[in-house]
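Ready for some practice in reading a protein structure? Take a look at the sequence and the 3D view, then work through the exercises one by one, covering each solution until you have tried the task.

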Amino acid sequence: MLASRNRSPSMATMKKASFWQGVRMRRTLAGADQDALLRLVTVPASWDDAAASALAGLTGAAGPVRLAVAAEAFIRPLAERAASVGLSVPLAEHLRELLLSRRGAPDAGLWQGKPEPVPGFVLNLAAFYDPGLGFAIADFAEAAETAVLALGLARPDTPRIAVRIADLAGLLGALGLDYESGAARNLGAAIAALLRGKADAASARLASHRGRTELGPGFQARILAPPQRAPVPGLAEAAAEALSAVAAAPALAHAATTALTPAGLAEALLGVETAGVAPAFGPVRPEGGLTRTARAWLAARGISSEAALARRLGGEVLFPPVSPDAFGAMREEVAAYLHEVPPLAVFRPPARPSSARENLPARARGYTQKASVAGHRLYLRTGEYADGRLGEIAIALHKEGPAVRGLMDAFAAAVSLGLQHGVPLEEFVETFLGTRFGPAGPVEGDPAVPSAMSLLDYVFRNLATSYLGRRDLPPAEPEDPTDASAVPPLGAPLLPLYLPAVAASAGARRRALRLVAK
């Protein structure tokens, strides 16, 4: 036994070297975000630049970063800990395979060796689908156990971990299932149940090696009703078996193992298109072309790209929007089997602008509104389509400087362009209503808007009242410019539209200071 353990490090090193040496890599300059310094990042040749940027962010420190080196920095210690506690599982091999196949990855805590309040690991559901074999049930079950073992060994004193799923929409697209269908919800529930069963089984396995005897709160109550059916053959049966097996476990090492959490850098590293169980909001990528989910959905239905284009030109809607109720129903199905699911925020499908611009008529109707906000005069002009819809705005300021007038002109032009491409006025109102900056205060010249928090706040209060008939807008509560708490900190730049009272108040504060040292 001792001799075998002495040989294991060199054998592990050989396996590690042979694994990564067979992967074709490429190097690129990438940063965690637009403001970060660029780093030389080495990733598999098939990975895109977004994955390289995500790796730069996950690893944290400056300097060049290579996937193989960064991954082994946490994989090898975990494998050694597994061996030290007697876990006979090829943990290192499983973690390498999950990363390279982009099926799973840990959050930044493991990459950087730093503790997190709740360590996390994400599993990319779409990557577990094979066109010839379907959804890899056994591989997903193994991945769930691997994630729990990795997090549990990395943070043995943490009572809660969060193994989560992502890109359910991508898997549904590959299977040819509509998100709003009952079959899609059955699939989501079965996957969540299998994840829960296998994650808790791995937690129980860790507990048996640590000698713990506690059971996670609410454990038995949450697993009494496994899903009865699923569109993937064998999935419901595998989920029921996993839940049944773990129900007999005497102890768990964690109070919680599974969760739905917001997407992060780990999802970007894996190429995830949709967070958690969210639907795919559109078939087109921001940089152009169809998303992977859209292509998979067409392939599952036997529709070629040429046929899809022909149908779209013929007016057929190939990718119908998903309703808020469908998203809520999917979350409810999945949440029944997970430990942590945050409250559902208000679901607002994004606007679907038309690719064609709807120009205003040569002679458009509208109105010009003259008003002043806290003494700062402005003119708001609107242009309408023949049916009365708003299609254009212009904002003229009376006594602001040329830079501010130019910015307002550009802003009005951008809003007009959005309106003419189909963005609803409601979206602009919800986005800019309540914008707060000086000047702010009473409004003169417009009885429908008694006060505003800023010039932009006034504009969209006026438009909401005139074109949307809104009478439920929250009252404007502008900051008191004479209140010292409303004055920016000393040394902070003042916006060009701050009222003179603000500058005067700030100057009074500066004069009250006394030089105590040079």
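**Exercise 1. A helix and its surroundings**

Which residues of helix 14 are buried? Find them in this predicted model, then look at what covers them.

*Solution.*
- Step 1: Locate the helix. Helix 14 covers residues 402-420, which makes 19 residues.
- Step 2: Check its length. From the first C-alpha to the last it reaches 27 Å, close to the 27 Å expected at 1.5 Å a residue.
- Step 3: List the buried residues. They are Val-404, Met-408, Phe-411, Ala-412, Val-415, Ser-416, Gly-418, Leu-419 and Gln-420.
- Step 4: Ask what lies over them. The cover includes strand 12 (390-397), helix 15 (425-432) and helix 16 (455-467).
- Step 5: Look just past the end. There, Gly-422 takes a positive phi of about 100 degrees.

**Exercise 2. Two aromatic pairs**

How many aromatic pairs does a search of the whole structure find? Describe two of them.

*Solution.*
- Step 1: The search finds ten aromatic pairs.
- Step 2: Start with Phe-74 and Trp-111. Their ring centres are 5.0 Å apart and the planes stand at 70 degrees; since an angle over 60 degrees counts as edge-to-face, that is the name for this pair.
- Step 3: Place the two rings. Phe-74 belongs to helix 3 (residues 67-84) and Trp-111 to helix 5 (residues 108-112), so the pair ties together parts 37 residues apart in sequence.
- Step 4: Check exposure. Both Phe-74 and Trp-111 are buried.
- Step 5: Turn to Trp-297 and Phe-319. Here the centres are 5.3 Å apart with 55 degrees between the planes, and the pair is tilted.
- Step 6: Place these rings too. Trp-297 is in helix 11 (residues 292-300), while Phe-319 is in the loop between helix 12 (305-313) and helix 13 (324-335), so parts 22 residues apart in sequence are tied together.
- Step 7: Compare exposure with the 20% cut-off for buried residues. Trp-297 has a relative accessible area of 13%, so this residue is buried. Phe-319 has 24%, so this residue counts as partly exposed.

**Exercise 3. More company for rings**

Which residues do ring pairs link into a cluster? Then look for charged ends that sit over rings.

*Solution.*
- Step 1: The cluster is made of Phe-128, Phe-135 and Phe-140.
- Step 2: Over the ring of Trp-47 sits the charged end of Arg-102, 4.8 Å from the ring centre.
- Step 3: Over the ring of Tyr-385 sits the charged end of Arg-389, 4.5 Å from the ring centre.

**Exercise 4. Positive phi without glycine**

Is Asp-167 buried or exposed? Work this out for Asp-167, then treat Ala-374 in the same way.

*Solution.*
- Step 1: Asp-167 has a positive phi, near 60 degrees, and is a residue other than glycine.
- Step 2: Asp-167 is in the loop between strand 8 (160-166) and helix 7 (168-175).
- Step 3: With 0% relative accessibility, Asp-167 is buried.
- Step 4: Ala-374 is not a glycine either, and its phi is positive at about 55 degrees.
- Step 5: Ala-374 is in the loop between strand 10 (368-373) and strand 11 (376-384).
- Step 6: With 26% relative accessibility, Ala-374 counts as partly exposed.

**Exercise 5. Two histidines**

Where is His-254 found? Describe its surroundings, then those of His-94.

*Solution.*
- Step 1: His-254 is in the loop between helix 9 (235-247) and strand 9 (256-258).
- Step 2: Its relative accessibility is 3%, so His-254 counts as buried.
- Step 3: The C-alpha atoms of His-254 and Ile-161 are separated by 7.3 Å, although these residues are 93 residues apart along the chain.
- Step 4: The side chains of His-254 and Ser-203 are joined by a polar contact of 2.9 Å.
- Step 5: His-94 is in helix 4 (residues 91-100) and is buried, with a relative accessible area of 15%.
- Step 6: Not counting residues up to four places away in sequence, His-94 touches Val-89, Glu-142 and Thr-146.

**Exercise 6. The nonpolar cores**

Which residues touch the most other members of the largest nonpolar core?

*Solution.*
- Step 1: This core has 92 residues, and the ones touching the most other members are Trp-111, Phe-140 and Ile-191.
- Step 2: Helix 8 (residues 182-210) gives the largest share of this core, 13 residues.
- Step 3: Another core lies apart from it, with 31 residues, among them Met-408, Phe-428, Val-449 and Leu-456.

Methods: Residues are numbered from 1 along each chain as its sequence is written. This is a predicted model: local features need pLDDT of at least 70, side-chain atom pairs count only at pLDDT 80 or more; totals for chains, interfaces and linings use all residues. Side-chain values use heavy atoms; hydrogens and water are left out. Rings of Phe, Tyr and Trp (its six-membered ring) pair if their centres lie within 6.5 Å; planes under 30 degrees apart count as stacked, over 60 as edge-to-face and the rest as tilted. Helices (H or I, at least four residues) and strands (E, at least two) are DSSP runs, numbered from the N terminus. Buried means under 20% relative accessible area, exposed over 50%, partly exposed in between (1.4 Å probe, protein chains only). A charge sits over a ring if NZ of Lys or CZ of Arg is within 6 Å of the ring centre and within 35 degrees of the ring normal. A polar contact is a pair of N or O atoms within 3.5 Å; within protein, one must be able to donate a hydrogen and the other to accept it, and residues adjacent in sequence count only if both atoms are side-chain atoms. The expected span of a helix is 1.5 Å times one less than its number of residues. Contact means heavy atoms within 4.5 Å. A nonpolar core is a set of buried Ala, Val, Leu, Ile, Met, Phe, Trp, Tyr and Cys residues joined through side-chain atoms within 4.5 Å.
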